[in-house]
Amino acid sequence: MGDSTPLLSKSSEPPLLQKHLPSLDSTIELCLGEFGWAQFLQAIIVSFSWFFDAQQTFITVFTDAEPNWHCTSSSCNSSFSNLCQLPKSSWDWDRPKHVSIISEWALECSGSFITGLPASSFFIGCLIGGLVLSTLADSSLGRKKMLFLSCLMMSFTTLLTAFSTNIWIYSFLRFVTGFGRATIGTSALVLSTELVGKRWRGQVGIVGFFCFTLGFLSLPAIAYTHQSHSWRTLYFLTSIPTLFYSILVHFLVRESPRWLFVRGRKEDAISALKCISPSITMSFSSLSFEQETWNVDLYSAIGVLVKRKWAFRRLSAVMGTGFGIGMVYYGMPLALGSLDFNLYLSVTLNALSELPASLVAFFLIGKLNRRSSLLVFTILSGVCSILSVLKGFNPWAELQIGLELVSFFSACSAFNVLLIFTIELFPTCVRNSALSMVRQAVVLGGVFSPMLAAAGRANGGVVSYGVFGVVVGLCGLFVVCLPETRGRGICDTMDEEEHKETANCIAVGLVV
């Protein structure tokens, strides 16, 4: 190693907070500049994990869809909606049985619990995986290893899913896939944003949302071009690229210098900084930083978040908001079958609506107040969701899908802003854990989505979209008790963040 000089200078001088020593955020900006090509390439590679994450999140929209059917005898009436009351010999599927698990395993009369079990199992796996693995990226493994192992596990379980022989094995493998992918988005978002300064942090974070949109968009394209093939083909085609991507991450991505520093691995942090930007010539021996006063071991991050009142208040508010957003974000694509519109086209339009949501966030994240924008997006999403299924309000299918798209677009925008907001609310030492908890709240909303989507098929989506709208509108109100973070620097330790919180409260008291 070319320069083994400590990045931190040990000192027995007075407390660092009183001396106002530079934060890790300002030091990385000093070392690398606010943004550079090396950081951009790292962010692109890391953020592309969202592409494969999106594919596994929404793949059951096609693999678990109920195919269209037609009558094969005069005793059958094609206008009859319940084919379970028809003789089996009087009807048949429009396409080969292997295009969906419903037709291949004869699940058309099994009820919404069985047919919705794989999707619910996936989200339950995401929830449990997030709770079990959430702090590993902050403690022992780090951001890079967590991302690599999550992608690798997701690719293997996705491949195994293609060999499922019944609904129970299939649901179990979907559960394991959800468990494995639970920390992909969190690790990728935190790792990419920790490489840059505050000016570009929001834009870099949005890159992952673009990749997620592309992954979502790829699904209807793959499904449509292989609509006569087995549903297993979709799992094959999405698992192999994920495996190669995992290998790419292992060899090309560098660990977060911020995390290395907080963990006390100063020489590794310096090495990572120099690999990201080989042109660094400054002397590290002259730099001093505040060190964390508590040890970040497994699950201690969550304990600290709960014990400190300001952190618990923030975490509760963003998790409550995330629950409502998650119910709409994951539920609407699953409930599209209850609307009177082509499934492939409606899924494509929903995926495309994520693109303008990402563009809005990318170009306006530096100008948007986090609190007010979240409030507007959640209320708009709730109102449009309810109006899309309100009897007598939307006599045309085009108007119905239009309101649904506005609601989904608003939920996507709120989701994007919420993740950036969470990054800015919590310091480096617990940021990954806090973001993981918020994502688990989002996933928890998704756990209820398949059941609501199934319940809405019998009444044109009134139950599903009605509940979606009420929940997201009410949960969005939690953001009013959070501090605004636009334009402010991020902290690295709990003590530094608490010091800033106390200073802000004193300043507000003096103004009042």
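1. A salt bridge is taken here to be a side-chain nitrogen of Lys or Arg within 4 Å of a carboxyl oxygen of Asp or Glu. By that criterion the structure, which is a predicted model, holds 4 salt bridges, and the notes that follow begin with these contacts before turning to internal spaces, the surface and single residues.

2. The side chains of arginine 181 and aspartate 53 form a salt bridge with an N to O distance of 2.7 Å. This contact joins distant parts of the chain, since arginine 181 belongs to helix α10 (residues 167-181) and aspartate 53 to helix α4 (residues 49-58), with the two positions 128 residues apart. Both arginine 181 and aspartate 53 are buried. The pair should also be read together with a further residue, for Asp53, Arg181 and Arg439 are linked in a network of salt bridges.

3. Another salt bridge is made by the side chains of arginine 232 and glutamate 104, at 2.6 Å from N to O. Arginine 232 lies in helix α13 and glutamate 104 in helix α6 (residues 101-104), so this pair ties together parts of the chain that are 128 residues apart in sequence. The two partners fall into separate accessibility classes: arginine 232 is buried because its relative accessible area, 19%, is under the 20% limit, whereas glutamate 104, at 27% relative accessibility, counts as partly exposed.

4. The side chains of arginine 370 and glutamate 424 also meet in a salt bridge, here with an N to O distance of 2.8 Å. Arginine 370 is placed in helix α19 and glutamate 424 in helix α20 (residues 397-425), so the contact ties together parts that are 54 residues apart in sequence. Arginine 370 is buried, with a relative accessible area of 4%, and glutamate 424, also at 4% relative accessibility, counts as buried too.

5. Helix α20 can be examined at a second position, leucine 403, which is found in that helix. Leucine 403 is buried, its relative accessible area being 13%. Its C-alpha atom is separated by 7.0 Å from the C-alpha atom of leucine 387, a residue 16 positions away along the chain.

6. Where does the chain leave empty space inside? Rolling a probe the size of a water molecule over the atoms shows where such space is left. The structure holds 2 cavities of 30 Å³ or more, and the second largest cavity has a volume of about 30 Å³. Its lining is made by Ser155, Phe156, Leu159, Ser239, Ile240 and Leu243, and the elements that give two or more residues to this lining are α9 (142-161) and α13 (231-252). By class, the lining of the second largest cavity divides into 4 nonpolar and 2 polar residues, with no charged residue.

7. The second largest pocket has a volume of about 300 Å³. It is lined by 17 residues, of which Lys144, Lys145, Val253, Glu255 and Arg265 lie nearest its centre, while the elements that supply two or more lining residues are α9, α13, α14 (257-262) and α15 (266-276). Helix α9 gives the most to the lining of this pocket, with 4 residues. The lining of the second largest pocket comprises 8 nonpolar, 3 polar and 6 charged residues, whereas the lining of the second largest cavity has no charged residue.

8. On the surface, a nonpolar patch of about 560 Å² is made by Ile379, Val383, Ile386, Leu390, Val470, Leu474 and Leu477. Helices α19 (370-388) and α22 (462-475) each supply at least two residues of the nonpolar patch, and α19 gives the most, with 3 residues. Isoleucine 386, one of the patch residues, is placed in helix α19. Its relative accessible area is 31%, so isoleucine 386 is partly exposed, and that value also satisfies the requirement of over 30% for membership of a patch.

9. A backbone point deserves a look at alanine 106, which has a positive phi of about 55 degrees although it is not a glycine. Alanine 106 is placed in the loop between α6 and α7 (112-115). At 48% relative accessibility this residue counts as partly exposed, because the exposed class applies over 50%.

Key:
Residues numbered from 1 in each chain as written. Predicted model: local features only at pLDDT ≥ 70, side-chain atom pairs only at ≥ 80, totals over all residues. Heavy atoms only, no water. Patch = residues over 30% accessible without salt bridge, like charges linked within 9 Å, V, L, I, M, F, W, Y side chains within 5 Å. Areas by Shrake-Rupley, 256 points an atom, 1.4 Å probe, with all protein chains shown as cover. Buried < 20%, exposed > 50% of the residue type's maximum accessible area, 1.4 Å probe, protein only. 1 Å grid on protein atoms, 1.4 Å probe; cavity = no way out; pocket = protein on both sides within 12 Å on 5 of 7 lines; lining within 4 Å. Points joined across faces, edges and corners; volume = space filled by probe spheres on them. Nonpolar A, V, L, I, M, F, W, Y, C, P; charged D, E, K, R; others polar.
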